[in-house]
Structures are given as C-alpha cells and as structure tokens.
Amino acid sequence: MPLQSGDILRERYKISSFISRGGMGSIYLAEDLRLEGRQCAVKEVRLDPSLSEETLSQTRAQFMREATVLARMDHPNLPKVSDFFSEDTSDYLVMDYIPGEDLRTLMVEARQAGKFLPEADVLAWGAQIADALVYLHSQDPPILHRDIKPSNIKLTPGGVVKLVDFGLVKVLAAQEATITIVQGRGTALYTPLEQYGGDTGHTDVRSDVYAFGATLYHLLTNTAPLEARERYLDPDAMPPLRQHNPEISPRTDRAVLWAMNLHPEDRPQSVELFQEALLGRREPAGRSSGRLPAPSLADILSSGPERQLAWAAAALFILSLVATINH
C-alpha cells in the first residue's frame with residue numbers, strides 16, 4: 001500500500017503529502033518529529049516481495065553501502081541525504097526538502113506565454129548544475145546521476161538550483177568503477193545511446209554530459225530533443241538549437257550539440273570541458289554545422305571492447321524495435 005498522510009516512519013518522519021512517483025519509487029513530503037518545523041523529502045523504493053531471503057539480504061546490504069556514500073555528499077547544488085533505513089519490504093532515503101519550481105515547469109510556463117527562457121538564466125543554472133556534476137564525478141569511485149532532466153532540477157526561491165531525485169543504486173558488477181545513482185535507462189529523451197543497455201550498458205561521465213546537454217537543449221528551445229535511438233537511424237533528424245530559437249548564441253548552440261554527439265568519444269570528455277565550451281572559455285570540438293553524425297563502422301571497430309559491446313547492444317535494441325514496429 002502507498003504511504004498515506006499521517007503515516008509515521010521510524011517513529012520520526014510523519015508523512016504530510018505525496019510529491020511524485022518515478023521509475024525507482026515514490027517521494028513524499030514529511031515532517032521531522034524530532035526537529036520541529038523541519039520538512040524533508042522521503043523516497044520510498046518497494047522491493048519485490050517474491051525475492052528470496054538471500055537476495056533480499058544482499059539487496060539491503062547494497063542499499064546500506066550506497067546510501068552511506070550518498071549521505072557523505074555535501075554540495076550546495078545537491079540535496080543533503082540525512083537518513084536512510086529499511087522497513088518491511090521497502091527502503092527509504094531521507095533528504096532535504098527543496099522548495100521551488102522545477103525547470104520543466106518554468107519552461108512549460110514560458111512556452112505557454114509564447115516565450116523562451118532567457119539564455120543568460122539557463123546558462124547561469126547550467127553553471128550550477130555543472131558544479132554539482134563535477135563534484136559527483138570527482139568522488140572515488142565517481143558517482144553518475146544518469147537521470148539528468150529538467151524535472152529533476154529545482155530552482156529555489158533564493159535562485160539556487162538543486163539537482164534532485166537521487167534514486168537507489170543498481171547492484172554493481174565487481175569490475176565496475178562507478179556508482180550509478182539511478183537504476184535502469186533513465187528518461188529516454190535525455191538518455192545517450194550507450195545507456196540503452198540498461199544496467200548492462202557501459203556508462204561513464206560522458207553519459208551524464210549527454211543528458212546535461214539534452215536538458216539544456218530542451219530548456220533553451222521549448223522543444224524536446226529527439227531520442228538517441230531515433231537519431232541513430234536518422235542523424236539529420238534533430239535540428240540545431242538556433243532553428244528553434246534564433247536568439248540563442250552560436251557558441252551555446254555549438255556547445256550543446258557537442259555534448260549531444262551520439263558517440264561518447266565525440267563529446268566533451270568531462271563536464272569541466274563542456275562547461276568551458278558553454279561559457280566561452282573553450283571552443284567546442286568537432287563540427288559546428290549542427291549535424292550530429294552517427295558513428296561509422298570504423299569508429300566502432302576502433303573503440304575498446306567495452307564500447308564495442310555497448311554499441312552492439314544499442315544497435316540490437318534499435319533493430320528489434322524497428323522489427324516490432326514493422327510487424
């Protein structure tokens with residue numbers, strides 16, 4: 001049963017209202033009964049009740065390890081994780097409640113008014129998001145968000161943006177060198193092609209760079225970016241930003257398209273490089289025509305074995321999708 005208003009968790013967190021539901025669980029607004037007046041966000045992830053005792057124990061142990069990592073994070077553009085625990089068949093993550101509107105809401109309001117969000121505002125927000133991602137990626141091991149999108153970025157009344165909605169991590173393979181905060185593929189509009197393999201796909205910091213670029217594309221143009229799988233089949237299908245909004249500077253247009261290249265090797269290799277290109281401290285690499293080329297066979301064969309497997313998995317996924325549509 002979903003949590004109801006008035007429910008109390010751990011004899012401390014009294015549920016006030018439902019906030020949102022995502023692929024990895026539900027988020028509720030709660031009152032902290034130990035700290036009068038403090039509101040917090042409680043994320044609940046329900047576990048499959050059919051799990052064996054052994055699997056449930058392993059999953060719980062993994063949750064505790066990863067939640068401990070999140071609780072150590074301290075950055076002004078990230079919500080602070082203050083508590084984590086498990087009850088019955090659910091895991092809970094308690095975070096700061098962030099007031100304000102998310103950027104998707106602000107973008108929709110601008111579109112309904114026949115306007116675009118000001119480029120200067122979007123770039124100022126982008127600089128803060130970049131700072132948060134640099135912080136996450138600099139951890140040891142690096143932390144990937146993997147679900148960057150306008151609705152996961154909130155603007156506080158004080159003008160600070162927060163990258164929110166940390167999900168619960170996947171069970172890591174022993175050889176993996178990253179903690180991945182969001183399980184699964186993320187949100188399709190902002191998901192790079194190499195992430196289409198889900199938890200089997202090989203992702204790294206460049207996957208967050210793609211999602212960050214796709215998020216800025218949407219905010220600056222009022223137009224959702226095409227999914228990577230569609231662009232793989234038709235590299236010319238997605239127009240550059242200035243075709244939607246001629247007021248966008250050529251520099252911003254080039255930087256965002258650089259971040260959205262289908263092949264990870266063609267993107268900025270770090271958020272720092274993307275931030276420099278976006279803010280004018282570095283010229284974006286590659287083509288500036290707006291065309292985002294699909295990787296050639298030579299590109300794929302010249303990449304490492306992990307990247308070859310990732311591209312193969314993505315290609316098979318797309319081919320199976322096309323076959324399904326044709327039938």
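What share of the 327 residues in the protein chain is buried? In this predicted model, buried residues make up 51% of the chain. The chain holds 10 helices and 11 strands. Its exposed surface comes to about 15100 Å². Carbon and sulfur atoms supply 52% of that surface. Contacts between residues with a separation of 6 or more were also examined. Of these, 61% join residues that are 24 or more positions apart.

The nonpolar interior was considered next. The largest nonpolar core has 50 residues. Within this core, the residues with the most contacts are L117, W125, L133, F212, L216 and F274. Several elements each supply at least two residues of the core. The helices among them are α2 (103-112), α3 (119-137), α4 (205-221), α7 and α8. The strands β9 (153-155) and β10 (161-163) do so as well. Another core lies apart from this one and has 11 residues. Among its members are Y28, V42, F85 and Y92.

L133 was followed in more detail. Neighbours within four places in sequence were left aside. L133 is then in contact with I148, L163, D208, F212 and V271. One of these partners, F212, is listed with L133 among the residues that have the most contacts inside the largest core.

Helices α7 and α8 form a packed pair. Two packed helices are described by the angle between their axes and by the distance between the axes. Helix α7 spans residues 250-259, and helix α8 spans residues 271-278. Their angle is about 160°. Their axes are 8 Å apart. An angle over 145 degrees counts as roughly antiparallel. The two helices, α7 and α8, are therefore roughly antiparallel to each other. On the α7 side, the contact is made by R251, T252, A255, V256, W258 and A259. On the α8 side, it is made by L273, F274, A277 and L278. Eight residues of this contact are nonpolar, one is polar and one is charged. F274 also appears among the residues with the most contacts inside the largest core.

E276 is also in helix α8. Is its side of the story one of burial or exposure? E276 is partly exposed, because its relative accessible area is 25%. E276 and A255 are 21 residues apart in sequence. In space, their C-alpha atoms are 9.0 Å apart.

Two residues stand out for their backbone angles. Most residues other than glycine have a negative phi. D88 is not a glycine, yet its phi is positive, at about 55°. D88 sits in the loop between β5 (81-87) and β6 (90-96). With a relative accessibility of 72%, D88 counts as exposed. N222 is the other case. Its phi is near 60°, again a positive value in a residue other than glycine. N222 has its place in the loop between α4 and α5 (228-233). N222 is buried, with a relative accessible area of 10%. Thus D88 is exposed, whereas N222 is buried.

Three further positions outside the helices and strands were examined. The first to be described is I98. I98 lies in the loop between β6 and β7 (101-102). At 7% relative accessibility, I98 counts as buried. Residues up to four places away in sequence were not counted among its contacts. I98 touches P79, K154, T156, K162 and V164. I98 and L163 are 65 residues apart along the chain. Their C-alpha atoms are separated by 9.9 Å. L163 is also one of the contacts of L133.

D204 is found in the loop between β11 (179-180) and α4. Its relative accessibility is 17%, so D204 counts as buried. D204 and E194 are 10 residues apart in sequence. From C-alpha to C-alpha, D204 and E194 are 9.5 Å apart in space.

S5 belongs to the segment before β1 (8-9). S5 counts as exposed, at 58% relative accessibility. With neighbours within four places in sequence left aside, S5 is in contact with I15 and S16. S5 and A30 are 25 residues apart along the chain. The separation of their C-alpha atoms is 8.8 Å.

Conventions: Residues are numbered from 1 along each chain as its sequence is written. This is a predicted model: local features need pLDDT of at least 70, side-chain atom pairs count only at pLDDT 80 or more; totals for chains, interfaces and linings use all residues. Side-chain values use heavy atoms; hydrogens and water are left out. Axes are lines fitted to C-alpha atoms, for helices over the stretch in contact, and angles run from 0 to 180 degrees between N-to-C directions. Helices (H or I, at least four residues) and strands (E, at least two) are DSSP runs, numbered from the N terminus. Angles under 35 degrees count as roughly parallel, over 145 as roughly antiparallel, 65 to 115 as roughly perpendicular and the rest as oblique. Contact means heavy atoms within 4.5 Å. Ala, Val, Leu, Ile, Met, Phe, Trp, Tyr, Cys and Pro count as nonpolar, Asp, Glu, Lys and Arg as charged, and the others, Gly among them, as polar. A nonpolar core is a set of buried Ala, Val, Leu, Ile, Met, Phe, Trp, Tyr and Cys residues joined through side-chain atoms within 4.5 Å. Buried means under 20% relative accessible area, exposed over 50%, partly exposed in between (1.4 Å probe, protein chains only). Accessible areas come from the Shrake-Rupley method with a 1.4 Å probe; for residues, only the protein chains shown count as cover.
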